[in-house]
Amino acid sequence: MSILNIGLIGFSGRLGAHILDHLIDAQNQDKLHLVILHRENSDLSKLPPHVEIETRLIQLDERGVEVTKKAVEDLDVVISSVWYAGIPSQVYLIDALASSSRIKLFIPSDYGLSWTNEELDNSALEFGHIKVKSKVIEKKANELNVPIVNVRVGCFDQTFFPGEVIGLDAQTNKIRFYRETALKYQVRITTLDYLGYALTQLSLDPSRIAGKTITLYDIALTGQEIVDVLTVIHGSPTEVAKFTEEEYQRDLKDFSGSIGAGVKKRWVENDWRVGEKVEIEGYTHVSFEDITRKWLSSVST
Ligand SMILES: NC(=O)c1ccc[n+]([C@@H]2O[C@H](COP(=O)([O-])OP(=O)(O)OC[C@H]3O[C@@H](n4cnc5c(N)ncnc54)[C@H](OP(=O)(O)O)[C@@H]3O)[C@@H](O)[C@H]2O)c1
């Protein structure tokens, strides 16, 4: 059986760099053929030197559909990890993919929470085009019969530790919980390395997830378990305080605050909404204690 051609858009980004690493590993093992899809002004010098990677230009606007069609015509799977203005521009990619007889799976740039319609009406989320992901991109792919998967995640490790999202200050051994139930319910963490690995593995078996909404996370632990780990690491009791309702309401007024509020709400209600958890084989899992220790040593140097 021939190997799949897999395209990646957004390779230079925060997520894209991790997906790229794992796609390159799989290409080195002859499991897939990787094609980097890039914009005119994408910085290709960020691709690793000494690795042979095919690159193709795409143009995600009204004038670029033919260029993009040509670039994607023999691809089996396309993974997108674009952000900001790149999110709405994916409609042009869907137009191009719709004319392909070969495409088996498009993974649009989602990698967020399963938001409710009411939450999506929060104007603070407009900054990141969050509503566009489901109301425009998913809708258009379904209308044009382009097979997609919605990939939902927990809180990224990169945002968990600086405390932006969940109220954790790992350096000073403090945590603030929005409601007591956070102590007994689990929060989900998706490490970027795991996400890159999981998307690569899933791309090799597109029919497993086409048409679904899935959730990818590699760590889930209760608030009490977080306190216990911090207490062990610091050798002293963790200070636990309350994240107030006023602070929660204030957070809903800006973009990153709203993302954090979305995680907190799901955590304390133990309801992460739509998205079947998919098990990914072969990943070398790292414990929460180990990633916490690693993060603490990275910020102390
Ligand atoms: N759940 C969470 O906590 C969380 C956190 C962060 C991000 N996310 C989601 O993850 C996805 C990727 O985020 P990220 O942080 O990795 O993004 P990023 O690093 O800011 O950007 C990713 C890539 O998007 C491409 N891009 C930027 N502007 C573009 C435009 N106008 N048109 C086309 N492409 C454009 C660029 O690729 P090129 O230069 O190569 O073209 C860039 O490298 C987004 O959907 C974001 O909402 C989720």
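**Exercise 1. Overall shape**

What radius of gyration would a compact globule with 301 residues have, and what value does the chain have?

*Solution.* Keep in mind that we are working with a predicted model. Start with the expectation: for 301 residues, a compact globule would come out near 19 Å. Next, take the value for the chain, which is 20 Å and agrees with that expectation. For the extents, the C-alpha trace spans about 60 × 40 × 35 Å along its principal axes. Now look inside: buried residues account for 40% of the 301. Finally, turn to the contacts between residues at least 6 apart in sequence: 77% of them join residues at least 24 apart.

**Exercise 2. An open sheet**

Work out the strand order of the open sheet of three strands, and find which strands stand at its edges.

*Solution.* Begin with the inventory: the chain has 11 helices and 14 strands. The open sheet takes three of these strands in the order 7-10-12, and its pairing is mixed. Strand 7 (155-156) and strand 12 (219-222) each have a single partner strand, so they are the edges, and one side of each has no neighbour in the sheet. To check one pairing, follow strand 10 (residues 186-190): four bridges join it to strand 12, and the two run antiparallel. One place to see this is glutamine 186, whose bridge partner in strand 12 is threonine 222.

**Exercise 3. Two faces of a strand**

Decide whether the faces of strand 6 (residues 150-153) are covered, and identify how this strand pairs with strand 11.

*Solution.* Recall that side chains in a regular strand alternate between the two faces of the sheet. On one side of strand 6 sit Asn150 and Arg152, and on the other Val151 and Val153. These four residues are all buried, and both faces are covered. For the pairing, strand 6 meets strand 11 (residues 213-216) in the parallel sense, over four bridges. Within that pairing, valine 153 has leucine 216 of strand 11 as its bridge partner.

**Exercise 4. Around the ligand**

Describe the shell around the ligand and place the ligand relative to the domains.

*Solution.* First, count: 26 residues surround the ligand, and the closest are Gly13, Arg14, Trp83, Ala85 and Gly86. Second, assign elements: helix 1 (14-28) and helix 3 (86-98) each give two or more residues. Helix 1 gives the most, with three. Third, sort the shell by character: 11 residues are nonpolar, 13 polar and two charged. Last, compare domains: domain 1 (4-153 + 191-216) and domain 2 (156-188 + 219-271 + 281-300) both contribute to the shell, so the ligand lies between them.

Terms used. Residues are numbered from 1 along each chain as its sequence is written. This is a predicted model: local features need pLDDT of at least 70, side-chain atom pairs count only at pLDDT 80 or more; totals for chains, interfaces and linings use all residues. The radius of gyration is taken over C-alpha atoms; the globule rule is 2.2 Å times the number of residues to the power 0.38. A residue is buried if 20 or more other C-beta atoms lie within 10 Å of its own, exposed if 12 or fewer, and partly exposed in between; C-beta atoms are placed from the backbone. Two residues are in contact if their C-beta atoms, placed from the backbone, lie within 7 Å. Two strands pair if DSSP finds at least two bridges between them. A residue is near a molecule or strand if its C-beta atom, placed from the backbone, lies within 6 Å of it. Ala, Val, Leu, Ile, Met, Phe, Trp, Tyr, Cys and Pro count as nonpolar, Asp, Glu, Lys and Arg as charged, and the others, Gly among them, as polar. Domain bounds come from an automatic or database domain assignment.
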